[in-house]
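Subject: Structure handover

Hello,

Here is the structure I promised to pass on. My notes follow below it.

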Amino acid sequence: MPDSKQYDEVEVGKLVPLSSFDFRFDQNGNGAKKNGKALIPEEYARLHADIERASSPSRCFVVGITSAVYGEGKTTVALNLAGTIAQNSEQRVSLVDFNLRNWDMQSRLNLPPAPGLVDVLEGSEDDLTNIIQRTELDNLTIVPAGRAAANPSRLVRSPRLGEVISTLRMSNDFIVLDMAPVLPVADTKTMSRHLDGVVMVVRAGVTPREIVGRAIDAVGADKVLGIVLNGVETAMPKWLQRYFS
Amino acid sequence: MRIYGASPLFNYVELVFRCKRLFIVAILLGTVITSAVVFTRPSLYKAQMMVALVGNPEVDQAIGKAGKATKGGKMVAAADSIRKASRLTNIWLPRHPEFLKEVITLAEVNKGVKEEDMPALEAKVRKAFKVDKQLLNGQYMTVSITWADPVQAENLLNQLYARFAEKTVNDETFLDTTKRTQLESDFTKYDREANDLAAKKMRFTRENYNYNPTTYTALLGQLEAAKEEIIRQQTDLSEVGVRLARTKKLLLETPKTIPGGQDTESTIDDPKIKAAQDLDREKKQLEALQARYQPSHPAVIEQLKKTEAAQAAFDLAKTQKAEPVTKIERTRTVINDQWYELDKNRVQYEIQLNAQEDRLKNVRATLDKYEERVSKIPELQSQWVRINADVAFTNNIRQQLRARLADARIAEERNKLIVKGEVKQAIAPKAERQDTSAKLMLLYALGPILGLVVAFCFSLLAEALDHTLRTPVEVEKFLGKPVLAVLPKMQPAKGGKKALPGANKPSISS
């Protein structure tokens, strides 16, 4: 299994390096393997395909990555999904940090403090392009949150939110939103009307199914495209799994 | 059951590995606990004995119990065995605590046990005994005991057998014993009665021996002799009376004293001389009287007094001075010998008369007694006959009872020996350790197996209580949504963050 990621120093204004993404590939670009095939990239590719199937080629597809509770891995999934879409296609992808209550993505990408989505929604920043961060992949951009919002509940109901999303739709084929969890806060529920689809990230063996069910119901079962089961593990040793394969 | 894979076996194996720590701990714990329990528990020993409940057929035939040797007899023998065995299981062990208490006491199992703890010990021993209900070949009974001490186990079985044999013998010969006891009681009663009658006969004979018919004639002769004796005595009495009367008459006519001359005594005025002379005289007279009469004769007594007085005067005179000579003239009197002779005769006759009267009185009393005895002879005769008849009758009964009692005792002893021969210890008890090595190994192996089972149950319970989602199948089953991606769990980096080997290096570009 590949080692954990390394976060390199990134200067302000510079392109966000690809290595910042938590692809978890090894030096040969292979992640966890199963039957000789890279497991993780394939999963994200499968996710990409499913989302693509749900989307319309002529219209930007806004997909929200959320979970029932904190710590399910939605930021990781959002990062890797956006990176996978950008890597595997020519489509323009924008990764938006819509978790207005913490700096998870900012800290993961090691981004310096800079104006972000919160500033735009609050009106302190008028130009959306000022907050868009470019990456090494030409078709992948990142819109960080910037800072923690003082009143996220107010911001998600702001009319500027719709404008932001509309603006981003015009310049992207896919918008991947890293959302707040559904049950602890109401941000995702409120925002779900702006989304074309929601992908629920569930950590295997951690989150009770009833909680996930409630989260799906809260978001709207028709909005939920599917589940990403994160952190799946088998306790059986590999030498024994061979006999059951 | 959670679905981890395609096959149920995969699911169970996955469950085991998922809860491997629980399994390891449970197996270890089960092993330790079982080992500790097996190691610390006291060893139990089992002793078993076999009791034969039928006798030797040849012996039975020899003593006349040939019926038991036949086919029908075999059924009787089997019934006897069942009866004997059932007494132990149905009566003595469950219903008679004193039986078990005796066994425990004789086996010395109750050493150091307080009286208030005895009921608990008895219950423990009763529970430890096991008697097989089924008899082997219809005649062998197996009794076993499981006990911590092998020596006590063997002792308990041996004492149980001993008491069982004794009680069986007593029960089987109960009728003989009852008969013998009754005969003993009757014999004692009639023996006492016969002895009483014999004593009564002896007493009767002793009191009334003169009334024995063989001495009746002698009694009559004695009666006649007594009568003749009375007549003779009366004659002698009359003769003595006549002599006494004549003597008294002569005595009245004869003077008692006669003059004997005059004595002129010229005494020296020395009183001593006179006193000595007086004394001498009196002594001489006394000697004369004593030679003639008895000491109790009045004359002798009187003379004795005089002699004493003279002696006293002489003693007094010795102290006095000599006095002038005086001349005393005295007229001397002497005892009439004839009078004294007559008096002596008188006394003798009186004595004879008294003696004769006494003799006559005795003979009269004897005569009266003889006459009374003779008058009672007819009544005593009938009593004698009755007493003799009673004695003979009672002796006869006693004789018969003695014979029957002897027979009953012999029969009882014989039957006891027979029954004793029918209750034998075919196989003596020998205590063996109940836990064999194989059993111990099995017990030790039981721990990990139990731990495995418990762990499996707990793991199933944990799985049932776990409502999280672990597999795509569960997601689709419970949430009804498709699984778009299954991301494996990544291991955290060792030693903190480090560069991805060969990963794209960050590039700084505007």
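What is the mean pLDDT of chain B, and what share of its residues reach 70 or more? The mean is 82, and 86% of the residues in chain B reach that mark. Bear in mind that this is a predicted model.

**Confidence**

Chain B has a weak stretch at residues 495–510, where pLDDT is below 50. Beyond near neighbours in sequence, that stretch has 29 contacts in the model. Chain A averages a pLDDT of 80, with 83% of the residues scoring at least 70. Two stretches of chain A need care. Over residues 1–14 of chain A, pLDDT stays under 50. The model still gives this segment 43 contacts beyond four places in sequence. Residues 23–38 of chain A are also below 50, with 34 contacts beyond near neighbours in sequence. For the complex, the predictor reports an ipTM of 0.85 and a pTM of 0.49.

**Chain A overall**

Chain A has nine helices and nine strands. Of its 245 residues, 57% are buried. Take the contacts in chain A with a separation of 6 or more: 77% of them join residues 24 or more positions apart. The accessible surface of chain A is about 10,300 Å². Carbon and sulfur atoms hold 47% of that surface.

**Aromatic pairs**

How many aromatic pairs does a search of the whole structure find? There are seven over all chains. One of them joins B:Tyr12 and B:Phe456. The pair is tilted, at 5.8 Å centre to centre and 40 degrees between the planes. B:Tyr12 sits in helix H1 (residues 8–18) of chain B, and B:Phe456 sits in helix H13 of chain B. The two are 444 residues apart, so the pair links distant parts of the chain. B:Tyr12 is partly exposed at 36% relative accessible area. B:Phe456 is partly exposed too, at 28%.

Next, B:Tyr293 and B:Tyr340. Their ring centres are 4.2 Å apart and their planes are at 55 degrees, so this pair counts as tilted. B:Tyr293 is in the loop between helix H10 (271–292) and helix H11 (298–317) of chain B, while B:Tyr340 is in helix H12 (residues 337–422) of chain B. The pair therefore ties together parts that are 47 residues apart in sequence. Both B:Tyr293 and B:Tyr340 are buried.

There is also an aromatic cluster, formed by B:Trp92, B:Phe99 and B:Phe164.

**A nonpolar patch on chain B**

Which residues make the nonpolar surface patch of about 460 Å²? They are B:Leu22, B:Val454, B:Phe458, B:Leu461 and B:Leu465. Helix H13 (residues 437–465) of chain B gives the most, with four residues. B:Leu22 comes from helix H2 (residues 20–40) of chain B. Why can B:Leu22 belong to a patch? Its relative accessible area is 33%, and patches take residues with over 30%.

**One backbone point**

Most residues other than glycine have a negative phi. B:Glu108 has a positive phi, near 60 degrees. This residue lies in the loop between helix H5 (97–106) and helix H6 (118–128) of chain B. B:Glu108 counts as partly exposed, at 46% relative accessibility.

Best wishes

Methods:
Residues numbered from 1 in each chain as written. Chains lettered and ligands numbered in written order. Predicted model: local features only at pLDDT ≥ 70, side-chain atom pairs only at ≥ 80, totals over all residues. Heavy atoms only, no water. Patch = residues over 30% accessible without salt bridge, like charges linked within 9 Å, V, L, I, M, F, W, Y side chains within 5 Å. Areas by Shrake-Rupley, 256 points an atom, 1.4 Å probe, with all protein chains shown as cover. Salt bridge = Lys/Arg side-chain N within 4 Å of Asp/Glu carboxyl O. Buried < 20%, exposed > 50% of the residue type's maximum accessible area, 1.4 Å probe, protein only. pLDDT = per-residue confidence, 0-100. Contact = heavy atoms within 4.5 Å. Phe/Tyr/Trp six-rings, centres within 6.5 Å; stacked < 30°, edge-to-face > 60°.
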